[in-house]
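Hello,

Here is the structure I promised to pass on to you. Please open it beside this email, and then read on for what I found in it.

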Amino acid sequence: MDEDRRVADLSEVPDDATLLVTLRPVGDVADDTGDVGADDAGDPEVEALLIRLSDGVAAYRNYCQHWTDVRLNKGDGGFVRNGEIFCRKHGATFEGGSGYCNFGPCEGATLDRVAVTAEDGAVYLTDEEYEFVRVGPAERDEEAGGSRIDFTGN
C-alpha cells in the first residue's frame, strides 16, 4: 500500500473504543456537520473514527445521524460496546461493521462510511474522496454540539 495513505498501526485501533483521525476532503463537504473544522490556511478538515472489527477495521465520519452537530468521538476514544458505536448524546447505537443505527432516535439511518483497509499490520485510507492529515481531532474554533445535554447528563 502507498505509505502516504497509511493512517495508523492496526494495534492503535482499540477493541473497546474508536480511534479519531483527521482527513482533508478532496471534494465538497457538508459544513453543517459536527466533524468539520479548518486548518490554519482555512482548508476544511473532517474527522473519521476507526473501529476494530473481528475481521479488520471500519471507518465512518465522526457525527451522529440524529444531530449532525454531535461528534461520536470527541477526542476521548469514543465509546464502543459489544461491537457497536454508542452516541453519548442520546443513546443511539450504530453497528460497527455497517454503521447502521439499530437503536435510538435515528434508528434506520447509517453513518457515512470512509473506505479503509487493514493490511500488514497497518490501516490505510482507500477512499479517494479524502487525504489523511493526522491522528486526532480536526481544528475548530469551538466544540460542536456543546449546547445540548448528553446521555450522561453533562
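**What I found**

In strand E5, Gly56, Ala58 and Tyr60 point one way, while Val57, Ala59 and Arg61 point the other way, and all of them are buried. Before you go further, please keep in mind that this is a predicted model.

Let me stay with E5 for a moment. Six of its six residues are buried, so E5 is largely enclosed by the rest of the structure. Within its pairing, Gly56 in E5 is the bridge partner of Leu53.

**The whole chain**

Now step back and look at the chain in full. How many helices and strands does the chain have? There are zero helices and 13 strands. The radius of gyration is 14 Å, close to the 15 Å that the globule rule gives for 154 residues, so the chain is as compact as a globular protein of that length. If you draw a box along the principal axes, the C-alpha atoms fill roughly 40 × 40 × 25 Å.

Here are a few more values for the chain:

- Of the 154 residues, 44% are buried.
- Among contacts with a separation of 6 or more, 60% are between residues 24 or more positions apart.
- About 7600 Å² of the chain is exposed, and carbon and sulfur atoms supply 43% of that area.
- There are 14 positive and 34 negative side chains, and the centres of these two sets lie 5 Å apart.

**Strand E4 and its partners**

Next, please find strand E4, which covers residues 44–53. Is E4 mostly covered or mostly uncovered? It is mostly covered, with seven of its ten residues buried.

E4 has several pairings that you can trace by eye. With strand E2 (residues 19–25), E4 pairs in the antiparallel sense over five bridges. To see where these two strands meet, look for Val21, which stands opposite Ala48 in E4.

Strand E3 (residues 36–38) also runs antiparallel to E4, and three bridges join them. Here Ala38 stands opposite Pro44 in E4. E3 and E4 form a hairpin with five residues between them. One residue in that turn to look at is Gly42, which has a positive phi of about 90 degrees.

On to strand E5, residues 56–61, which brings us back to where we began. Six bridges join E4 to E5, and the two strands run antiparallel. Ile51 stands opposite Ala58 in E5. How many residues lie between E4 and E5 in their hairpin? There are two.

E5 has a pairing with strand E10 (residues 113–114) as well: two bridges join them, and they run antiparallel. You can spot this pairing at Tyr60, which stands opposite Arg113 in E10.

**A sheet of four strands**

Another part worth a look is an open sheet of four strands in the order E6-E7-E8-E9, with antiparallel pairing. Strand E6 (80–81) and strand E9 (101–103) stand at the edges, each with a single partner strand, so one side of each is left without a neighbour in the sheet. E6 pairs with strand E7 (residues 84–86) in the antiparallel sense over two bridges. In E7, Ile85 is the bridge partner of Val80.

**One residue to follow: Val116**

Finally, please click on Val116, which lies in strand E11 (residues 116–119). Why does Val116 count as buried? Its relative accessibility is 17%, and buried means under 20%, so Val116 falls on the buried side of the cut-off.

Leaving out residues up to four places away in sequence, Val116 touches Val57, Ala58 and Ala59, along with Val123, Tyr124, Leu125 and Thr126. You will recognise Val57, Ala58 and Ala59 from E5. There is also a long step in sequence to look up: Val116 and Val7 are 109 residues apart in sequence, and their C-alpha atoms are 8.9 Å apart in space.

I hope you enjoy exploring it. Write back whenever you like.

Best wishes

How values were computed: Residues are numbered from 1 along each chain as its sequence is written. This is a predicted model: local features need pLDDT of at least 70, side-chain atom pairs count only at pLDDT 80 or more; totals for chains, interfaces and linings use all residues. Side-chain values use heavy atoms; hydrogens and water are left out. The radius of gyration is taken over C-alpha atoms; the globule rule is 2.2 Å times the number of residues to the power 0.38. Buried means under 20% relative accessible area, exposed over 50%, partly exposed in between (1.4 Å probe, protein chains only). Contact means heavy atoms within 4.5 Å. Accessible areas come from the Shrake-Rupley method with a 1.4 Å probe; for residues, only the protein chains shown count as cover. Lys and Arg count as positive and Asp and Glu as negative; His and the chain ends are not counted. The place of a charge is taken as NZ of Lys, CZ of Arg, CG of Asp or CD of Glu. Two strands pair if DSSP finds at least two bridges between them.
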